[in-house]
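I am opening these notes to keep track of what I look up in this structure. I will write down each search as I go, and return to a residue or an element when it comes up again.

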Amino acid sequence: MSLTVFRKQFANAEDACALAQAIVDTVREPVLVLDKLLRVIAASRSFYSAFKVTPEHTQGRLLYELGDGQWDIPKLRLLLEEIIPEHGVMEDYEVEHDFPDAGLLTMRLNAREVFFEGGAAPAILLGMQDVTRQSALERENKELLRQKDLLLEEMQHRVVNSLQIIASIILIKARTVKSEETRLHLQDTHSRVLSIAVLQEHLRAPGIGGSIELVPYLVKLCDALASSMIGGTRPISLKVCGDGGSAMSREAECLGLIVTELVMNALKHGFPDDREDGRITVGYDSAGANWKLSVTDNGVGRPDGVFAQVKTGLGTSIVKALAQQLGAQVETLAGLQGTTVSVTRATFATKIRSA
């Protein structure tokens, strides 16, 4: 309805007032209409119902006098006396207060100053939404996440301790055997188990909730992977290159898990014959919120140089699930020069890295 049609239909002041009151009463959340002195001009039915007050004890009274002063709230005073006159509007301003008849509530306030062309004094529309339950659920979720993080930290700590105990037992056994060959194998196993323990420590990104510089994080992670899975027994190098970039710790953990799975897959399938000069390169490039993670090897690949067929193994499923959490796409290309698996969020121009 245009403004002209509206004025024609509601030319009578009483009709316009009735419409305005009907609109206020229709709103589900409590609403107050205040004058410039913060006296109540009108209130919605939901306001009377929520705060157990009557029109007789509400209309025409100062807001701070309602319900024996239950609305005399410092934060609300700041909103109505300072913020609204300066900005004319305020949205999603939360106030927690113990109301005598309603109990402790968290109210989300929205206010707007209204000016009239006919010369009437400005009014303030004050809407309020009870978000007590929502706020309680948000606090509960934050606490559950905190407890989950603590549980994961404890589980990781126990895994590392268990690996160190196993390594100690292997070392003790190596000292007691008579066969030199067996002793060397046990000592090598001891080193591998210790390096896996180090890998576990690096896999979980430090600083829960903070930002992680990704290239240094991936370098430490890949050093641990090389120590535990390659050592000095296979002629394969593992290096990290990239142009920087950072991510929150949870995202960094997902990327670390993806790199771990892809490097393990490359070692398992890319170099069955322990060829000389084997190389695995982990690349990370970023541009704003977009990024690309790649793991490239110069292993056996595929002779036809086409996109690799999608595999259904556990490692592949883990990588796809983690990529989905990050809002990224997984692409595999295998050819004569080896295999490249890329995990990309959005697309951007980047330099091509050789394997």
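**Notebook: salt bridges, a sheet and two buried residues**

I started with R158, which forms a salt bridge with E154, the closest N and O atoms being 2.7 Å apart. I keep in mind that I am reading a predicted model. I then looked up where the two residues sit, and found R158 and E154 in helix 5 (residues 132-176), 4 residues apart, which is about one helical turn. For accessibility, I noted that R158 counts as exposed at 55% relative accessibility, whereas E154, at 35%, counts as partly exposed.

How many salt bridges does a search of the whole structure find? I wrote down 9 for the whole structure, and went on to look at two further pairs.

**A pair between distant parts of the chain**

I next looked up R345 and E251, whose side chains meet in a salt bridge at 3.7 Å, N to O. This pair links distant parts of the chain, since R345 belongs to strand 12 (residues 338-345) and E251 to helix 8 (residues 249-269), with their positions 94 residues apart in the numbering. Are the two partners buried or exposed, or something in between? R345 counts as partly exposed at 23% relative accessibility, while E251 has a relative accessible area of 18% and is buried, because the cut-off for buried is under 20%.

**A network that includes helix 4**

I then found that salt bridges with shared partners join D72, R77 and E81 into one network. Within this network I looked up the pair R77 and E81, whose side chains meet in a salt bridge of 3.0 Å, taken from N to O. Both residues lie in helix 4 (residues 74-87), and they are 4 residues apart, about one turn of the helix. R77 is partly exposed at 29% relative accessibility, and E81 is also partly exposed, with a relative accessible area of 41%.

**The sheet and the helices across it**

I turned from side chains to the strands, and noted that 5 strands form an open sheet in the order 2-1-5-4-3, with antiparallel pairing. Which strands are at the edges? They are strand 2 (40-43) and strand 3 (89-99), each of which pairs on one side only. On average, neighbouring strands of this sheet are turned by 25° against each other, with direction ignored.

I also looked up how one edge is attached, and found 3 bridges that join strand 1 (residues 31-34) to strand 2, the two running antiparallel. In this pairing, L34 stands opposite V40 in strand 2.

Helix 4, where I had placed R77 and E81, lies across strand 1, strand 3, strand 4 and strand 5 (123-130), and runs at about 170° to strand 3. Helix 5, where I had placed R158 and E154, lies across strand 3, strand 4 and strand 5, and runs at about 115° to strand 4.

**Two residues looked up one by one**

In strand 4 (residues 103-114) I picked out T106. T106 is buried, with a relative accessible area of 7%, and its side chain is joined to that of E96 by a polar contact of 3.5 Å. Leaving out residues up to four places away in sequence, T106 touches E94, V95, E96, Q129, D130, V131, T132 and S135.

In helix 3 (residues 45-51) I picked out S46, which counts as buried at 15% relative accessibility. What does the side chain of S46 reach at 3.0 Å? I found that it reaches the backbone oxygen of E29. Apart from neighbours within four places in sequence, S46 is in contact with V27, R28, E29, P30 and V31.

**The chain as a whole**

I closed with values for the whole protein chain, which has 9 helices and 12 strands. Of its 355 residues, 35% are buried. Among contacts between residues at least 6 apart in sequence, 57% join residues at least 24 apart. The chain exposes about 21,000 Å², and carbon and sulfur atoms supply 56% of that area.

Note on methods: Residues are numbered from 1 along each chain as its sequence is written. This is a predicted model: local features need pLDDT of at least 70, side-chain atom pairs count only at pLDDT 80 or more; totals for chains, interfaces and linings use all residues. Side-chain values use heavy atoms; hydrogens and water are left out. A salt bridge is a side-chain nitrogen of Lys or Arg within 4 Å of a carboxyl oxygen of Asp or Glu. Buried means under 20% relative accessible area, exposed over 50%, partly exposed in between (1.4 Å probe, protein chains only). Contact means heavy atoms within 4.5 Å. Accessible areas come from the Shrake-Rupley method with a 1.4 Å probe; for residues, only the protein chains shown count as cover. A polar contact is a pair of N or O atoms within 3.5 Å; within protein, one must be able to donate a hydrogen and the other to accept it, and residues adjacent in sequence count only if both atoms are side-chain atoms. Two strands pair if DSSP finds at least two bridges between them. Axes are lines fitted to C-alpha atoms, for helices over the stretch in contact, and angles run from 0 to 180 degrees between N-to-C directions.
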